[in-house]
Amino acid sequence: MKLFQIIKRPGIIFLIVLIVLAFFNKSVISGLIPYPGDLIVANYEPYKSYSPTIPHKAQGPDVAKELIPWKHFVIESLKANQVPFWNPYNFSGNPQMANFQSGVFYPANLLFFLFRFEHAWTAYIISSSILSAVFMYLFLRRLNLSSVASILGVVSYTFSLYMTVWIEYGNIGHTLLWLPLVLFFTDRILGKVNYLNFLGLIFSLFLSILAGYIQGAFYIFLVALIYFFGKAYFNKKLSKDKSLIFLAGLVFPVFLSLFQLLPTLELFGNSSRGGYSIEQIQRLLNPVYYLITVLAPDFFGNPATRNYWFDGTYIERVSYFGLIPFIFALFAIFSLFKKIEVKLFSMIFIATVILTTDLLLTKFFYLLPIPVISTAVPTRLLSLFAFSGSILAAFGFDHFINSKNKKPLFLSGIILILLLVLFVFMKGNTVAQRNLVIPIGLLLVLIFLTYVYLRIKIKDKLTIFAGLI
């Protein structure tokens, strides 16, 4: 499907934007700023230990103490026609432009020239979800999925737990939003090479670098490589000319962004931060039993309610992208694995689980001196787990509404039994039991809707879709 044909569907795009704005209703309607300013106070005594008036999410105050002050300093410097090479307000001074997370040259900074800083920050955060949703829709429609299945994939990814808990950081969401657009142009290059596709790939990769999250940008390049050569190989259409053009499309953005990358690499070279020890890696990886959070994200509690009873940081371990989408993702793997796109994203889906779980080989993998990987938090790969899972969910749902296959009903039943057994087994742990209630309820709703759809002749696919949403 052509790009302009998809964009010409204003109704669907409007619906996607409306869903995102509904998610940010406290900002859109009440005018609240998506800024965790309470953490500035809550991380210090006496509020740190006991806070009757100021909420404490028991999370790191990075956004309040680093990202927003950096962004404010960057914008004020740019308004004064100065490139913020050096920030004199951090300790005795620190490099600012070389600090990759500052995103000094990211085009979204224009928002801060148009609006007051607090309003621009709100628009900056909300825009990451809107663009992520729209680009995901473009890519899913490019894969010939129906509109309803595409919207399910959009909702699953845009509001996955990973994208949600990291959204207030700004730079992370604005980096990852380019992933579906990169794959959109990658897929178009596989079909036909032209200036629009080539420049679109370069443009989206270039902006993913400037957005300010180097680990996420690295993942985007990696997934694009896997997708292009994997699909070309399985299609038996691995063309030398197309491959060279695609590789050029990957290399050009790197050269275009050297003005940002070279100072950053120099700063990295002088950083005191090095690779992790095997003990540190083990603490950063998710234990095998933590996989239950794919089904019940708050099984171990939630820091916002101060009942997170697992060791480590909640936001570094999130993998949930929706229980219902997870069912349809499994359905796609079991029923559509021969389909090339399903095969590729199933491989990414499974690989990300393995590479973020505390397994013997996984621990030693992160000891290898691979740039970015050896010094990064390994569970950040779960962003790709949510992304690939959402795409698989769209494929699974599209196949279900067209074939009326009974497998989603059986998969839901098996997982429901698992959660019910776990509910009984966790007797005495009120946090785990209480946080199993919603997943169990979701499964009962899914089973009911699936059964109704299979037993009753429903001509309108939107009926089952609306129920699931």
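## Helix H5, its following loop, and a helix pair

The buried residues of helix H5 (under 20% relative accessible area with a 1.4 Å probe, protein chains only) pack, with heavy atoms within 4.5 Å, against helix H4 (38-42), strand S1 (86-87), helix H6 (111-114), helix H7 (117-142) and helix H10 (171-176). This is a predicted model, in which local features need pLDDT of at least 70 and side-chain atom pairs count only at pLDDT 80 or more, while totals for chains, interfaces and linings use all residues. Residues are numbered from 1 along each chain as its sequence is written, and side-chain values use heavy atoms, leaving out hydrogens and water.

Helices (H or I, at least four residues) and strands (E, at least two) are DSSP runs, numbered from the N terminus. Among the buried residues of H5 are Leu67, Trp70 and Phe73, and Lys71 is also buried.

Asparagine 81, which follows H5, lies in the loop between H5 and S1. Two residues that are not glycine have a positive phi, and both are exposed (over 50% relative accessible area).

| Residue | Phi | Relative accessible area | Loop |
|---|---|---|---|
| Asparagine 81 | about 60° | 72% | between H5 and S1 |
| Phenylalanine 91 | about 55° | 83% | between S1 and strand S2 (94-95) |

Elsewhere, helix H17 (residues 323-335) packs with helix H22 (residues 430-455) at an angle of about 55°, their axes 9 Å apart. Leu323, Ile324, Ile327 and Phe328 in H17 meet Pro439, Leu442, Leu443 and Leu446 in H22.

How values were computed. Axes fitted to C-alpha atoms, helices over the stretch in contact; angles between N-to-C directions.
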